[in-house]
Amino acid sequence: MNKFDLIVIGGGPGGYVAAIYAAQKGLKTALVEKADLGGVCLNWGCIPTKALAKNAEVLRTVKEADKYGITLNTNSIKADYAAAQKRSREVSGKLTMGIKSLMKKNKVTVFKGEANLINGASLKIMPTGEILETKNMILATGSHAFRIPGIDYSNPNIMTSKEALQLTEVKEGDQIVVIGAGAIGMEFSSIWDSYGAEVTVIEMLPHLLPNEDADVSKEMEKSFKKRGIKYKLETKVSSVAAEGSKLKLVIDEKGKTETITCDRLLVSAGIRPNVEGIGLEKAGIKLTDRGYVQVDDNLKTTCPSIYAIGDVTGKLALAHVASAQALAAVHAILKEPVKQFDYANMPRCTYTYPEVASVGLTEDQAKNSGYDVKVGTFPMVANGKSVAMNETGGFVKIVADSKYNEILGVHFIGAHVTELISAAASYIDLEFTADDIAQVVHPHPSVSEAIMEAAHAVVGHAIHI
Amino acid sequence: MAKLMNMPKIGVNMTDGTVTEWYVNEGDEVKFGEMALAAETDKDVQDIPADQTGTVLKIIAQVGDNVECHKPLAIVGTPGENIDSLLAEISGGGAAPAALEAEAAPAAAPAPAAEVVEKSPTGRVPVSPLAKKMAKDMGIDLANVKYSGVRVTKADILAYEEAPQPVVSTPVAATAAPAAGIRNTVPYTGVRRVIGSRMTESVVTKPWAALTVAVDMTKAIEWRNRVNELADIKVGFNEMFAKACSRALQEFPMMNSQLAADGTEIYEMEDINIGIAVNTDRGLMVPVLKNVAAKGVVELAKDFSGLVNRTKDQENIQGDLSGATFTISNLGSRGIASFRAVINPPECGILAVGATVKTPVVIDDEIVIRPMMNITLSFDHRIVDGDYAAQFVAYIGKLLEDPMKILM
């Protein structure tokens with residue numbers, strides 16, 4: 001009974017997808033998860049933050065109801081952050097149940113506990129001590145928030161993303177500092193600002209969302225400025241100390257030292273892989289210089305029977321990348337052709353207000369890669385649906401190569417643009433050129449027309465500007 | 001790109017062969033059709049010809065190994081090429097001798113890299129919009145591009161451009177450019193290279209001969225003038241030649257046949273599809289008139305004008321340039337009296353058409369002036385003999401001298 005074709009370690013969006021797919025493909029499959037199915041994504045990341053972001057959006061809309069001729073007594077608007085947090089937990093709980101039933105439906109045996117490798121073909125479940133044997137394994141242990149050293153994380157006012165999702169109180173005038181202007185820090189900043197908190201974002205690099213196209217970052221900075229969200233770029237935090245119920249931060253802003261105080265601090269400065277306590281060394285699994293599990297093009301680790309997927313591989317820490325790698329790893333195990341990923345062409349989304357979504361190379365990356373770059377941009381203010389929705393901030397920017405109008409990257413900033421990036425990702429995956437995109441009939445009125453217009457701008461001229 | 005050199009089926013009853021001696025070593029050149037090894041077959045110990053041209057990169061079947069027909073003997077390609085995927089393919093196929101079986105642990109044999117798919121010559125080539133644009137720009141025929149995955153992508157086009165094309169190597173060893181005296185250097189790639197390798201393949205593999213007939217074109221010219229009085233499109237001589245050839249091919253079906261690549265069978269082709277050589281900016285192209293036997297000259301003229309336009313505009317649809325069973329090359333408009341054309345492989349023959357010239361000829365013991373035209377048939381002597389080919393080309397001449405016969 002405890003012999004399997006495949007054991008998946010970790011039940012996140014990489015692991016559970018691998019388990020379901022392998023079982024569908026006829027492998028006798030088990031999954032080991034120490035906490036809740038769904039992993040960080042479903043329980044402590046993507047999903048609950050989206051629930052909070054929705055509450056924040058409703059609150060923003062209600063607060064500006066007068067713009068639409070709806071009169072509300074502003075004193076009667078009560079924003080209950082605890083209710084928002086409760087709803088976010090309910091959403092996670094609901095989806096976790098869904099995964100549980102998918103496991104059952106696909107006859108994946110789920111072991112609750114920690115996996116401890118004995119060798120490349122067997123492992124022990126802790127704390128039960130049960131021993132499982134298997135032909136292949138997939139490591140999908142994920143990652144955890146990086147904790148900047150020298151900060152006392154036992155202080156309840158100092159949080160990483162997981163604690164931030166357990167936070168039940170945010171009110172008007174709360175002072176919150178967020179370290180790190182990546183997707184996680186920016187999303188919380190956007191949510192908490194909507195609830196009236198005074199947020200300050202601190203980023204070491206010269207831009208907010210430093211991995212995005214520079215134009216997108218600048219637009220985001222403009223938008224945060226307009227909303228009154230403070231940010232300090234090229235700034236380092238030298239020390240964090242508790243002072244009564246407050247926190248005192250010494251920061252270094254471009255060589256200028258300053259002290260700021262706040263009520264709460266979120267440390268969102270990247271992630272680290274979960275590689276400890278699994279017994280990887282017993283199976284001869286090597287790590288990269290950066291400490292991630294080393295895999296080849298087919299996601300095989302240095303142990304020939306074990307594959308690794310998701311955040312632990314350090315390729316691109318996104319749920320959908322882990323899920324895609326999951327299918328690829330199962331294909332490799334079944335000796336079927338393995339799709340080779342171009343990680344640059346994976347869509348990336350940030351659910352701030354306004355939203356940011358991108359795929360492919362930024363303009364700078366394309367130039368540095370030696371392409372003869374041509375850019376087509378279309379602003380949302382010239383898009384009919386955006387004007388009708390009163391969401392005129394942002395733009396679509398297409399980065400193309402001049403020779404064949406090959407699409408190298410597509411960058412969005414604006415309301416709900418995360419729903420549009422799939423189209424751009426498809427265009428790149430299918431190797432559409434700007435000419436092809438311009439010829440695809442896009443529905444009117446829709447924000448998606450802006451993609452077609454930006455493609456027209458690459459080829460020659462946009463129509464509506 | 002490296003290829004497998006397989007055990008050919010050189011006799012009807014041959015099923016396999018046991019290698020008794022290799023005439024080449026790894027690193028040596030082999031040429032299609034040249035003897036590369038000896039093997040014991042159902043008959044005797046026989047010399048076995050290579051079915052590929054290139055450098056032997058890896059000998060797979062060692063002396064003493066028994067190899068089934070169409071199973072790999074060696075890997076042939078260009079020195080330094082990566083042959084891992086071919087090796088993986090062989091070990092995956094289970095036909096490999098023990099020496100090649102990978103050291104993979106049983107639980108985790110290496111997964112094959114994305115499979116390289118070769119498409120059927122008649123099927124539509126699936127291609128991404130970007131790859132299509134690149135191929136058109138670079139003059140690459142998509143039918144020649146191998147692709148991994150579901151369709152030709154940018155990566156496949158780039159790989160095709162980088163990989164050495166399958167050209168029959170010339171015996172000249174020195175490939176370095178002469179030190180001085182070059183006025184201009186043109187890359188030997190794309191269409192030019194494809195034409196080159198096909199012509200070389202034809203001349204190297206086909207023992208061919210040529211036969212010329214002089215044709216009195218008096219009635220053909222009258223017939224064409226009458227057709228053009230009636231038709232709503234201008235009918236050219238090429239369409240008439242195609243029609244005459246088609247009629248003759250019906251009478252002489254072996255001229256409408258092809259020798260199988262492994263040299264064991266001759267295929268008589270069902271349809272008569274006639275390619276007509278056309279000069280374009282990109283070089284020689286051969287658009288193909290399909291099913292000529294079933295069509296009249298007016299319909300052929302319509303087909304041909306569409307084909308030529310698409311070919312010159314580089315907007316060919318699948319099948320425009322493939323599937324010919326016989327070809328016509330007409331250099332009459334250039335004033336050429338007669339010439340021998342190189343057969344377009346894998347076809348059996350090609351008709352070279354010269355200029356129509358007013359010539360004094362003797363008819364009923366009198367010297368009269370007649371519009372005379374030379375037609376020259378080049379044919380594959382492996383498939384037909386001279387007498388059969390002579391009857392065929394003479395019959396075409398008779399049909400053109402009295403075009404009414406085409407209808408009979």
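Chain A has an accessible surface of about 20800 Å², and 53% of that belongs to carbon and sulfur atoms. Accessible areas here come from the Shrake-Rupley method with a 1.4 Å probe, and for residues only the protein chains shown count as cover. Keep in mind that this is a predicted model: local features need pLDDT of at least 70, side-chain atom pairs count only at pLDDT 80 or more, and totals for chains, interfaces and linings use all residues. Residues are numbered from 1 along each chain as its sequence is written, chains are lettered from A and ligands numbered from 1 in the order in which they are written, and side-chain values use heavy atoms, with hydrogens and water left out.

**Chain A as a whole**

You can pick out 13 helices and 22 strands in chain A. Both are DSSP runs numbered from the N terminus: helices are H or I with at least four residues, and strands are E with at least two. Of the 465 residues in the chain, 52% count as buried. Buried means under 20% relative accessible area, exposed means over 50%, and partly exposed is in between (1.4 Å probe, protein chains only). Now for contacts, meaning heavy atoms within 4.5 Å. Take the contacts in chain A between residues at least 6 apart in sequence: 61% of them join residues at least 24 apart.

**A patch and a loop**

Which residues make the nonpolar surface patch of about 410 Å²? They are A:Val58, A:Val62, A:Tyr68, A:Ile70 and A:Leu72. Patches are made of residues with over 30% relative accessible area and no salt bridge; like charges are joined within 9 Å, and nonpolar side chains (Val, Leu, Ile, Met, Phe, Trp, Tyr) within 5 Å. Look for A:Tyr68 in the loop between helix H3 (46–63) and helix H4 (81–105) of chain A. A:Tyr68 counts as partly exposed because its relative accessibility is 41%.

Another loop, between helix H1 (15–24) and strand S2 (29–33) of chain A, holds A:Gly26. Is A:Gly26 buried or exposed? With a relative accessible area of 57%, A:Gly26 is exposed. Its C-alpha atom is separated by 9.3 Å from that of A:Asp5, 21 residues apart along the chain.

**Where chains A and B meet**

On the chain A side, 23 residues are in contact with 20 residues of chain B. The area buried between the two chains is about 1700 Å², with carbon and sulfur atoms giving 54%. Buried area is the accessible area (1.4 Å probe) that two parts lose on being put together, summed over both. A:Lys335, A:Tyr404 and A:Glu431 supply 42% of the area that chain A buries against chain B, more than any other three residues.

There are three salt bridges between chain A and chain B. A salt bridge is a side-chain nitrogen of Lys or Arg within 4 Å of a carboxyl oxygen of Asp or Glu. Strand S6 (130–139) and helix H12 (434–439) of chain A are the elements that give two or more residues to the side touching chain B.

**Salt bridges**

Over all chains, the structure holds 31 salt bridges. Side chains of opposite charge can pair when their charged atoms come close. Here are some of the pairs:

| Pair | Closest N to O |
|---|---|
| A:Lys403 and B:Asp137 | 3.9 Å |
| A:Lys171 and A:Glu169 | 3.8 Å |
| A:Lys171 and A:Asp174 | 3.1 Å |
| A:Lys232 and A:Glu253 | 3.5 Å |

What sits around A:Lys171? A:Lys171 itself is partly exposed at 44% relative accessible area, and A:Glu169 is partly exposed at 40%. A:Asp174, on the other hand, is buried at 5%.

A:Lys232 and A:Glu253 form a salt bridge. Strand S11 (residues 230–232) of chain A holds A:Lys232 and strand S13 (residues 246–253) holds A:Glu253, so the pair ties together parts that are 21 residues apart in sequence. A:Lys232 is buried, with a relative accessible area of 16%, and A:Glu253 counts as buried at 17%. Elsewhere, salt bridges that share partners join A:Asp213, A:Asp215, A:Glu363, A:Lys367 and A:Lys397 into one network.

**One residue in chain B**

Helix H6 (residues 237–251) of chain B is home to B:Arg247. This residue is buried, with a relative accessible area of 15%. Leaving out residues up to four places away in sequence, B:Arg247 touches B:Tyr395, B:Leu399, B:Lys405, B:Ile406 and B:Met408.
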